[in-house]
Amino acid sequence: MICYSFTVANVRAAAQIAQKRVQASLLFVTLKKLNRLEKFRTNQAREKLHKAKQQADSCHLQLENLLYEILHLKKEVTKCLQFKSKDEEIDLVPLEEFYSQAPESISRPEVTKVDTHQQQLARLEWELKQRKQLATLCQDLQAEKEKVASEINRKQSQLDNLAPMLKEVLTVAKPVQETLGLTTGPSPSQQKAAQLLPHPLYFLFVQADALREAGDKSISVKIEGDEEDALRLKQTVVETSTPDDSDSDTQEIDTNVYAKVLSKPAPPIGYEF
């Protein structure tokens, strides 16, 4: 009896253990299923988070780009506002002169009088045209100047070549002049001193010397005095005279000044017959 009850208990225990094992297996399977679901949902959440982060980073990068572009545009606007064109430094002709002198094909008064920008462009175009004309004229004048300078140099070269020849002629003719008793005019020192005489005295000196050379041997012309004092006197007369004075007034001033100098004990320069 006892053995039979023990056997029945064992059978029941074995059945319960098997049932528990099946339940444990089912619970284990459910646990694995839940674990897979948790991992799947975690992966989906990570993917969603990654996409959200990428979108946020993209938006942040776009925002930074926009802010940088705004800053760049502000700098460009500031540069444009502070920009000073070179045409502002050009001294253009007045508007009245521009509309009166410029042709209508350039001035276009029906457009430029209502549009300041077109007006400025038209004035610059007229200024450019005028400067080109002036540049052409300047080149022509420069060419003419070079031509005249070349002609002057050619004639100067001829004169330079002529000077030795004239000296030779004077040297050769000197014995003939001495034989005939002819003179060649005042000496170089006398000619230099004559340039310091006032106009009336210079005129008198030239006439007297010409009369002496004509053959009147009784006349002797000579200039004496201090050349430095005469030079200072001449400079004083030139500084005190004005361009509007006539020749007679200038001669009168020179004569008066020279008369005052003659009243001194040592005259600066003079003449004697």
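**Entry 1. Ser-107**

I started at Ser-107, which touches Phe-98, Tyr-99, Ala-102, Thr-112 and Ala-122 when residues up to four places away in sequence are not counted. This is a predicted model, and I read every entry below with that in mind. I placed Ser-107 in helix α3, which covers residues 104–107. Is Ser-107 buried or exposed? I found Ser-107 buried, because its relative accessible area is 2% and the cut-off for buried is under 20%.

**Entry 2. Arg-108**

I moved on to Arg-108, in the loop between α3 and α4, the latter being residues 109–112. I looked up its backbone and noted a phi near 45° for Arg-108, a positive value in a residue other than glycine. Most residues other than glycine have a negative phi. Arg-108 has a relative accessible area of 29%, so I entered it as partly exposed.

**Entry 3. Val-93**

Where does Val-93 lie? I found Val-93 in the loop between α1 (2–82) and α2 (95–101). Its relative accessibility is 16%, so Val-93 goes down as buried, the limit being under 20%. I then listed what Val-93 is in contact with, leaving aside neighbours within four places in sequence: Phe-98, Arg-123, Trp-126, Glu-127 and Gln-130. Phe-98 is also on the list I made for Ser-107. I checked one spacing as well: Val-93 and Leu-124 are 31 residues apart in sequence, and their C-alpha atoms are 9.6 Å apart in space.

**Entry 4. Salt bridges**

How many salt bridges does the model hold? I counted two salt bridges. Side chains of opposite charge can pair when their charged atoms come close.

I looked first at Arg-131 and Glu-127, whose side chains meet in a salt bridge at 3.0 Å, N to O. Both Arg-131 and Glu-127 belong to helix α5, and they sit four residues apart, about one turn of the helix. I noted Arg-131 as partly exposed, at 45% relative accessibility. Glu-127, in turn, is buried, because its relative accessible area is 11%. Glu-127 is also one of the residues I had listed in contact with Val-93.

I then looked at Arg-154 and Glu-151, where the side chains meet in a salt bridge at 2.2 Å, N to O. This pair, too, lies in helix α5, with Arg-154 and Glu-151 three residues apart, about one turn of the helix. I recorded 39% relative accessibility for Arg-154, which counts as partly exposed. Glu-151 has 32%, so I marked it partly exposed.

**Entry 5. A nonpolar patch**

Which residues make the nonpolar surface patch of about 380 Å²? I listed Leu-159, Leu-162, Met-165 and Leu-166. I looked up Leu-166 in particular and found it in helix α5, residues 116–180. Leu-166 has a relative accessible area of 47% and is therefore partly exposed. That value is what a patch member needs, because the cut-off for patches is over 30% relative accessible area.

**Entry 6. Cysteines**

I searched for disulfides and found zero. A disulfide is a covalent bond between the sulfur atoms of two cysteines. I looked up the accessibility of Cys-59 and entered it as partly exposed, at 43%. I did likewise for Cys-138, which is partly exposed with a relative accessible area of 47%.

**Entry 7. The chain as a whole**

I turned to the elements and counted nine helices and two strands. From the N terminus on, I wrote their order as α-α-α-α-α-α-α-β-α-α-β. How much of the chain is buried? I noted that 14% of the 273 residues count as buried. The chain exposes about 22600 Å², and carbon and sulfur atoms supply 59% of that area. I also looked at contacts between residues at least 6 apart in sequence: 68% of them join residues at least 24 apart.

**Entry 8. Confidence**

I closed with pLDDT. The chain has a mean of 79, and 80% of its residues reach 70 or more. Where does pLDDT stay under 50? I found that stretch at residues 243–273, for which the model has 52 contacts beyond four places in sequence.

Notes: Residues numbered from 1 in each chain as written. Heavy atoms only, no water. Patch = residues over 30% accessible without salt bridge, like charges linked within 9 Å, V, L, I, M, F, W, Y side chains within 5 Å. Areas by Shrake-Rupley, 256 points an atom, 1.4 Å probe, with all protein chains shown as cover. Salt bridge = Lys/Arg side-chain N within 4 Å of Asp/Glu carboxyl O. Buried < 20%, exposed > 50% of the residue type's maximum accessible area, 1.4 Å probe, protein only. pLDDT = per-residue confidence, 0-100. Contact = heavy atoms within 4.5 Å. Disulfide = S-S within 2.5 Å.
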